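Got the viewer open? Here is a short walk through the model, one selection at a time.

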Amino acid sequence: MSLQSALEQLAAHRIKNTRASQDVFRNGLLVLQKKGLKKLGDDGWTFLEQLTLASIDVGRLDIADQCLQLIADKFPNSPRVDCLTGIRIEATEPPETALKYYADILEADSANAGIWKRRISVLRRTGKVEKAVNELVQFLDTFYTDVEGWLELADIYATCNQYEHSLQALTHVLLLTPQNPFYMLQAAETAYTAEDFPLAIKMFLTVVDMTDGDDSEQLLQESTPLGITVRAWFGVKLCARRIAQNTNMKSPSNTSLPKKVELLDELATERLRVAYSSSGQKGEIAKGRQEVFAWVAAPLA
Amino acid sequence: MDRLSLYLDPQIRDWVLFPITLVMILVGVLRHYVVVLLQSPPKKLSRAATREQRALTRSQILRATSANSPIPPSFYKAISQNLSEAFKAGTYLKDGPPKGDAPPSAPNPLSDPAAMDGMMAGMKTQMVMMVPQMVIMGWINFFFQGFVLIKLPFPLTLGFKSMLQRGIDTPDMDVRWVSSLSWYFLNFFGLNGLYRLILGGDNSADASRDMTASPFAAMGNTQPGQPQDFNKLFKAERDNLEFAEGLYSWVGENMETKILRKYGKLPYDSK
């Protein structure tokens with residue numbers, strides 16, 4: 001592989017923020033060997049940071065140390081380098097050493113967001129979930145706009161079966177990124193798991209509304225649901241069933257029951273059938289079609 | 001008018017025009033580097049101060065989507081009322097909620113050391129700008145007063161006389177001749193483009209920009225970095241929150257009807 005294409009791939013990974021560590025490491029090593037660092041100019045430092053993280057990921061700590069040394073010499077006292085050093089410590093040292101290191105930095109600069117987040121992740125990793133949640137809540141109280149933090153909090157709550165709390169954290173994510181259907185879907189699924197079916201079905205329908213491509217020319221009835229829209233339709237179907245089984249259920253969030261549940265169920269069934277009828281271009285049968293057809297055909301109540 | 005009544009000695013070009021221009025450019029570059037050296041690294045905010053500064057964004061984010069909010073009513077109300085209570089009680093204030101019945105006073109910029117630092121930094125850059133410009137102007141005034149340096153290649157109306165012939169009091173001279181002091185001012189205001197080429201976009205070589213921003217003008221209106229009375233801001237934000245709550249509607253409220261209509265299961269006109 002040539003230096004040029006390696007650099008291009010690395011830049012693409014940087015932009016998309018993908019964690020393809022093996023790939024990054026292979027390309028990065030090539031760049032280092034071919035002395036491409038000078039060619040990169042100011043981009044070289046972000047490249048070194050990327051390579052450091054990747055080589056820690058794949059366990060080549062010698063390369064990581066080498067890169068880290070280069071960066072640390074160029075930017076002493078940089079909070080970003082501190083963060084990298086912390087990650088390097090986490091890789092080999094016991095968690096207590098890392099926590100000590102982070103605590104020292106936070107002592108000097110209590111509002112260092114990166115270090116604070118690392119500390120929370122170490123706490124969670126070592127099983128001190130309660131402490132991690134406390135810290136994370138404090139962190140989010142200070143840095144409200146950190147979507148990653150809110151998602152992490154929702155995840156921690158979900159792993160502890162605290163779905164209502166998880167949903168609460170997700171509402172903040174929704175407020176921060178109201179245009180992202182994936183988070184809406186996650187919130188809908190969390191609401192479903194928390195057994196708030198009226199809320200869940202409306203959220204699933206919102207996901208459908210966000211993703212069904214109604215800005216294209218094609219008639220909606222004739223279009224095929226794709227990607228997360230299919231998943232949202234599954235959710236609608238599941239919720240509609242639950243609601244049909246118990247028509248006077250109470251929603252914990254006081255969401256009113258949707259009207260015309262039968263129609264919704266019918267529509268979801270139809271959409272799922274369409275989704276599984278026409279997978280692929282050559283008319284091949286979608287995987288799991290039989291099962292889905294049998295499932296959607298099952299009676300409502 | 002006799003156009004060729006003046007003949008400029010080439011020596012003037014070599015020993016006056018070029019030196020003035022060169023000195024001004026070099027002083028600008030020097031000033032840029034001195035300002036870079038003088039700049040202290042941004043002060044690190046404490047956790048509480050960061051929290052105070054960012055508290056307003058919370059309600060702003062909540063309000064931004066309130067007319068078509070992605071979150072259901074019970075959650076919205078909970079967040080909104082929580083914020084409102086916190087703003088009222090002053091939970092987000094850096095020094096904690098105000099105690100007792102002592103009236104919360106607006107922070108005095110002169111007593112707050114952090115604010116003083118910011119002002120001193122402004123004064124320092126001002127001085128770096130003022131001193132060399134005063135020296136150059138004195139130098140030009142002392143040595144080259146009344147010099148005519150160049151002739152513009154295009155005619156101008158009489159209105160430009162005061163701009164181009166500062167320091168020469170002749171009513172009859174053609175406006176196209178530029179005096180030394182005017183050349184200084186033209187450079188003073190016009191070199192920014194050149195600095196941008198030499199030093200990059202956000203250089204601090206251009207002196208004319210700083211002229212408009214005096215360090216004392218910043219005291220009246222609140223600038224970022226200047227002390228703000230967050231207590232007052234929070235109180236005002238409560239009204240906004242209330243207003244947004246009135247506007248609030250959940251995007252998912254009638255989503256089932258919307259979807260059913262979209263997919264032709266329900267006719268559009270019926271409610």
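Start with residues 15–38 of chain B: this span is 100% helix and 0% strand, and its end C-alpha atoms sit 33 Å apart. UniProt, in an unreviewed entry, marks it as a "transmembrane region", along with 128–150 and 181–199 of chain B. Jump to 128–150 next. Here the chain is 70% helix and 13% strand, with 30 Å between the end C-alpha atoms.

Before going further, keep in mind that what you're looking at is a predicted model. Its scores are ipTM 0.81 and pTM 0.76.

**Chain B as a whole**

Select the whole of chain B and colour by secondary structure. You should find 11 helices and two strands, in the order α-α-α-α-β-α-β-α-α-α-α-α-α from the N terminus. Of the 271 residues in chain B, 21% are buried. Looking at contacts in chain B with a separation of 6 or more, 73% come from residues 24 or more positions apart.

Now switch the colouring to pLDDT. Chain B averages 80, and 83% of its residues score at least 70. Where is confidence lowest in chain B, and where is it highest? The low end is helix H9 (residues 217–220), with a mean of 43, while H3(B) tops the chain at 91. Select residues 215–225 of chain B to see the surroundings of that low point: pLDDT stays under 50 throughout, and the model has 10 contacts for this stretch beyond four places in sequence.

**Where the chains meet**

Show both chains and pick out the contact between them. Chain B puts in 28 residues and chain A 34. On the chain B side, the elements giving two or more residues are helix H2 (47–64), helix H3 (73–89) and helix H11 (255–262). The biggest giver is H2(B), with eight residues. Colour that side of chain B by residue class and you'll get 12 nonpolar, seven polar and nine charged residues.

Stay on helix H2 of chain B and zoom in on B:Thr57, which lies in it. Which residues does B:Thr57 contact, leaving aside its neighbours within four places in sequence? Across in chain A, they are A:Tyr144 and A:Thr145. B:Thr57 has 13 other C-beta atoms within 10 Å, so it counts as partly exposed. For a distance check, draw a line to B:Pro70: 13 residues along the sequence, 17 Å C-alpha to C-alpha.

**Over to chain A**

Colour chain A by domain: domain 1 is 1–76, domain 2 is 93–178 and domain 3 is 197–301. Between domain 2 and domain 3 of chain A, the C-alpha centres are 35 Å apart.

Two backbone spots are worth a stop here. Most residues other than glycine have a negative phi. A:Asn17 has a positive one, near 60°. Find A:Asn17 in the loop between helix H1 (3–16) and helix H2 (21–33) of chain A. Is A:Asn17 buried or exposed? It is exposed, because just 7 other C-beta atoms lie within 10 Å.

Finish at A:Glu195, where phi is also positive, near 65°. A:Glu195 sits in the loop between helix H12 (181–193) and helix H13 (197–211) of chain A. With 14 other C-beta atoms within 10 Å, A:Glu195 is partly exposed.

Technical notes
Residues are numbered from 1 along each chain as its sequence is written. Chains are lettered from A and ligands numbered from 1 in the order in which they are written. This is a predicted model: local features need pLDDT of at least 70, side-chain atom pairs count only at pLDDT 80 or more; totals for chains, interfaces and linings use all residues. UniProt positions are given in the numbering used here, feature names are shortened, and annotations may be inferred rather than shown by experiment. Helices (H or I, at least four residues) and strands (E, at least two) are DSSP runs, numbered from the N terminus. Domain bounds come from an automatic or database domain assignment. Two residues are in contact if their C-beta atoms, placed from the backbone, lie within 7 Å. Ala, Val, Leu, Ile, Met, Phe, Trp, Tyr, Cys and Pro count as nonpolar, Asp, Glu, Lys and Arg as charged, and the others, Gly among them, as polar. pLDDT is the predictor's confidence in each residue, from 0 to 100. A residue is buried if 20 or more other C-beta atoms lie within 10 Å of its own, exposed if 12 or fewer, and partly exposed in between; C-beta atoms are placed from the backbone.
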